[in-house]
Amino acid sequence: MSAAGSQGSGAEGQPRMYGEFAHLWPLFSAPEDYAEEARYWRQALRDRLGPGRHPILELGVGGGNNLSHLTAEFAATAVDRSARMLAQCSQLNPGVPVHLGDMRTVRLGQRFRAVLIHDAVSYLQTEDDLRQAFATAVAHLEPGGVLIVAPDDYCETFHSPRVSHGTNSDGETEVTSFEYQYDPDPSDTTTETVMVYLIRRGREVRVEEDHHRMGLFPRQRWLDLMAEAGFSVESLPYPVHEDGREAWLLVGVLER
């Protein structure tokens with residue numbers, strides 16, 4: 001067995017999962033695992049936009065797993081700050097235009113009927129980050145357009161620590177991941193996640209460590225900041241987590 005002791009985040013402060021290990025993304029997360037989640041997103045879009053192949057934009061698309069369940073019905077465009085994850089997204093969603101950019105600052109010069117931010121929104125760590133992301137959504141929405149976001153956790157639903165693990169294989173490479181998420185300082189707006197990856201090819205096993213810092217805010221604060229940005233907001237039940245914790249889709253309609 002060989003054990004590589006690399007630690008921390010990768011280039012530009014991104015977790016290593018989205019950089020040097022992005023080629024293993026299908027072994028971390030499979031598109032079929034998002035089918036149930038996508039059903040809620042599709043319904044939220046249809047209820048507010050009606051029938052038609054509406055143009056939508058996903059910010060922080062990652063590998064494009066959730067989006068892959070929507071592209072048959074909507075004209076999608078995707079943004080992510082990781083070029084390697086965009087390559088994964090393009091492989092899964094051929095024909096979807098992709099753009100390299102940060103959800104807080106990107107400006108495409110286009111307008112859409114809806115902007116989606118899936119769980120990548122959980123990486124926003126301050127209220128200023130949230131304000132910037134919501135301003136990006138406003139800049140890309142037509143009047144009456146829809147913003148949908150889905151934080152992984154809220155102050156009301158996060159209990160420290162949370163531990164999980166899983167194993168997947170493509171026949172050549174096997175990845176086992178262990179995830180330890182905790183809140184080292186309940187007085188701030190972040191949590192920490194330590195991930196350990198066991199990557200096995202044949203007899204060789206690599207052990208790699210990765211760190212993710214996430215934001216944590218009360219649900220009402222999300223709603224308030226979306227309203228501040230100009231949205232009429234509601235939260236919809238979103239019971240998609242394996243551990244059964246409460247979750248909500250936050251849906252805003254642009255009023256101005």
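Where does S187 lie? In this predicted model, S187 is found in the loop between β7 (174-182) and β8 (190-201). The residue is exposed, because its relative accessible area is 66%, over the 50% cut-off. A polar contact of 2.5 Å joins the side chain of S187 to that of D185. The exposed loop residue S187 is a handy starting point for a look at the whole protein and then at some individual residues.

The overall picture comes next. The protein contains 5 helices and 11 strands. Its radius of gyration is 18 Å, close to the 18 Å given by the globule rule for 256 residues, so the protein is as compact as a globular protein of that length. Taken along the principal axes, the box filled by the C-alpha atoms is roughly 60 × 45 × 35 Å. Of the 256 residues, 49% are buried. The accessible surface comes to about 11,900 Å², and carbon and sulfur atoms account for 49% of that surface. Among contacts between residues at least 6 apart in sequence, 63% join residues at least 24 apart. As for charge, there are 23 positive and 38 negative side chains, with the centres of the two sets 5 Å apart.

Two residues in the strands give a view of buried positions. T77 belongs to strand β2 (residues 75-80). With a relative accessible area of 7%, T77 is buried, because the value falls under the 20% cut-off. Beyond its neighbours up to four places away in sequence, T77 touches I56, L57, E58, V96, P97, H99, L108 and F112. R113, in turn, sits in strand β4 (residues 112-117). At 19% relative accessibility, R113 also counts as buried, since buried means under 20%. Its contacts, leaving aside neighbours within four places in sequence, include L49, H54 and P55. The list for R113 also holds L141, E142, P143, G144, G145 and V146.

The loop that leads into β4 is worth a visit too. R111 is located there, between β3 (98-100) and β4. Once its neighbours within four places in sequence are set aside, R111 is in contact with V138, A139, H140, L141 and E142. With two of these residues, the contact involves the backbone: the R111 side chain reaches the backbone oxygen of V138 at 3.2 Å and the backbone oxygen of A139 at 3.5 Å. L141 and E142 appear among the contacts of R111 and also among those of R113. By C-alpha atoms, R111 and D185 are separated by 39 Å, with their positions 74 residues apart along the chain. D185 is the partner whose side chain makes a polar contact with S187.

Towards the start of the chain, two further residues can be followed. H23 occupies the segment before α1 (25-28). With a relative accessible area of 47%, H23 is partly exposed. Not counting residues up to four places away in sequence, H23 touches Q88 and R201. R201 falls within the residue range of β8 (190-201). The H23 side chain also reaches the backbone oxygen of E20 at 3.2 Å. G215, 192 residues from H23 along the chain, has its C-alpha atom 26 Å from that of H23.

S29 is found in the loop between α1 and α2 (35-49). Although S29 and S187 are both in loops, S29 counts as buried at 8% relative accessibility, whereas S187 is exposed. Leaving aside neighbours within four places in sequence, S29 is in contact with Y34 and N65. With Y34 there is a polar contact of 2.8 Å between the side chains. S29 and N168 are 139 residues apart in sequence, yet their C-alpha atoms are 8.8 Å apart in space.

One peptide bond also deserves attention. Most peptide bonds are trans. The bond from S160 to P161, however, is cis, with omega near -5°. P161 lies in the loop between β5 (141-149) and β6 (162-169). N168, the residue 8.8 Å from S29 by C-alpha atoms, has a number that falls in the range of β6 (162-169).

Conventions:
Residues are numbered from 1 along each chain as its sequence is written. This is a predicted model: local features need pLDDT of at least 70, side-chain atom pairs count only at pLDDT 80 or more; totals for chains, interfaces and linings use all residues. Side-chain values use heavy atoms; hydrogens and water are left out. Helices (H or I, at least four residues) and strands (E, at least two) are DSSP runs, numbered from the N terminus. The radius of gyration is taken over C-alpha atoms; the globule rule is 2.2 Å times the number of residues to the power 0.38. Buried means under 20% relative accessible area, exposed over 50%, partly exposed in between (1.4 Å probe, protein chains only). Contact means heavy atoms within 4.5 Å. Accessible areas come from the Shrake-Rupley method with a 1.4 Å probe; for residues, only the protein chains shown count as cover. Lys and Arg count as positive and Asp and Glu as negative; His and the chain ends are not counted. The place of a charge is taken as NZ of Lys, CZ of Arg, CG of Asp or CD of Glu. A polar contact is a pair of N or O atoms within 3.5 Å; within protein, one must be able to donate a hydrogen and the other to accept it, and residues adjacent in sequence count only if both atoms are side-chain atoms.
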